[in-house]
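Colleague: I should like to go through this model with you. Could we take it topic by topic?

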Amino acid sequence: MRLDSFYLIVDSAAWIRRLVPLGVKLVQLRIKDRPTSNIRAEIRESKAICAAHECQLIVNDYWQLAIEEGCDFIHLGQEDLASADLAALRTAGLKLGLSTHDEAELTVALAAEPDYIALGPIYPTILKAMPWAPQGLERIGQWKARIGNRPLVAIGGLSVERLAGVFEHGADIAAVVTDITRNHDPESRTLEWIDATRRLPPN
């Protein structure tokens, strides 16, 4: 499976409306603690925007809504994976991405036969408090050796300036949140990411 090497993660359709038209081809809608009706509306709007711009939309966590709204890709954390109906996901044709932070979680993730695996945090991150220490670049290569042909997503504390090292160590995709959403000029920073990932040599 081929996914773009630049993976934007945002928390609203407004961000998707703002940044996807710049050339983003892979985006995750990650919404927390909102009413179901609101999340459904955000998914619908995001799906329409992404379809218009040939961008792959990945919905975080809300797999039931993703099925109901005709989405085609879901990302789950380990807690959500434990309660998700994987058979229903596969029957609906949804592709699956999974988060991992340690060896035990990687074993669980591989058993679910996901379409990609994410590893993080690579560097310290301000997005949320995490019980895991930064993984570091060497862990990327270890994970890539374990997961085979599946795409490996690196996440956590990434910036344009850190991209080369991430890809040199075996990542296929670099995910970003705050380096763009907390930048004083998110549009310009998005274009920097797009340009930087396009110029990287293929793995």
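Modeller: The points below cover aromatic rings, a charge over a ring, and two individual residues.

Modeller: This is a predicted model, in which local features need pLDDT of at least 70, side-chain atom pairs count only at pLDDT 80 or more, and totals for chains, interfaces and linings use all residues. Residues are numbered from 1 along each chain as its sequence is written, and side-chain values use heavy atoms, with hydrogens and water left out.

Colleague: How many aromatic pairs does the structure hold?

Modeller: There are three aromatic pairs. Rings of Phe, Tyr and Trp (its six-membered ring) pair if their centres lie within 6.5 Å; planes under 30 degrees apart count as stacked, over 60 as edge-to-face and the rest as tilted. For Y7 and Y116 the centres are 6.0 Å apart and the planes stand at 85 degrees, so this pair is edge-to-face.

Colleague: Which strands hold Y7 and Y116?

Modeller: Y7 is in strand 1 (residues 6–10) and Y116 in strand 6 (residues 116–119), so the pair ties together parts that are 109 residues apart in sequence. Strands (E, at least two residues) and helices (H or I, at least four) are DSSP runs, numbered from the N terminus.

Colleague: And what about F73 and Y116?

Modeller: The ring centres of F73 and Y116 are 5.7 Å apart with planes at 35 degrees, so that pair is tilted. F73 belongs to strand 4 (residues 73–76) and Y116 to strand 6, so parts 43 residues apart in sequence are tied together. Ring pairs thus join Y7, F73 and Y116 in a cluster.

Colleague: Are Y7 and Y116 buried or exposed?

Modeller: Both are buried, and F73 is buried as well. Buried means under 20% relative accessible area, exposed over 50%, and partly exposed in between (1.4 Å probe, protein chains only).

Colleague: Changing topic, what lies over the face of Y123?

Modeller: R162 does, at 3.9 Å from the ring centre. The criterion is NZ of Lys or CZ of Arg within 6 Å of the ring centre and within 35 degrees of the ring normal.

Colleague: Where is D179, then?

Modeller: D179 is in helix 9 (residues 178–181), and its relative accessibility is 17%, so D179 counts as buried.

Colleague: Which side chains make polar contacts with that of D179?

Modeller: The side chain of R189 does so at 2.8 Å, and that of W193 at 2.8 Å. A polar contact is a pair of N or O atoms within 3.5 Å; within protein, one must be able to donate a hydrogen and the other to accept it, and residues adjacent in sequence count only if both atoms are side-chain atoms.

Colleague: Finally, where does A171 sit?

Modeller: A171 is in the loop between helix 8 (163–168) and strand 8 (173–176). With 0% relative accessibility, A171 counts as buried.
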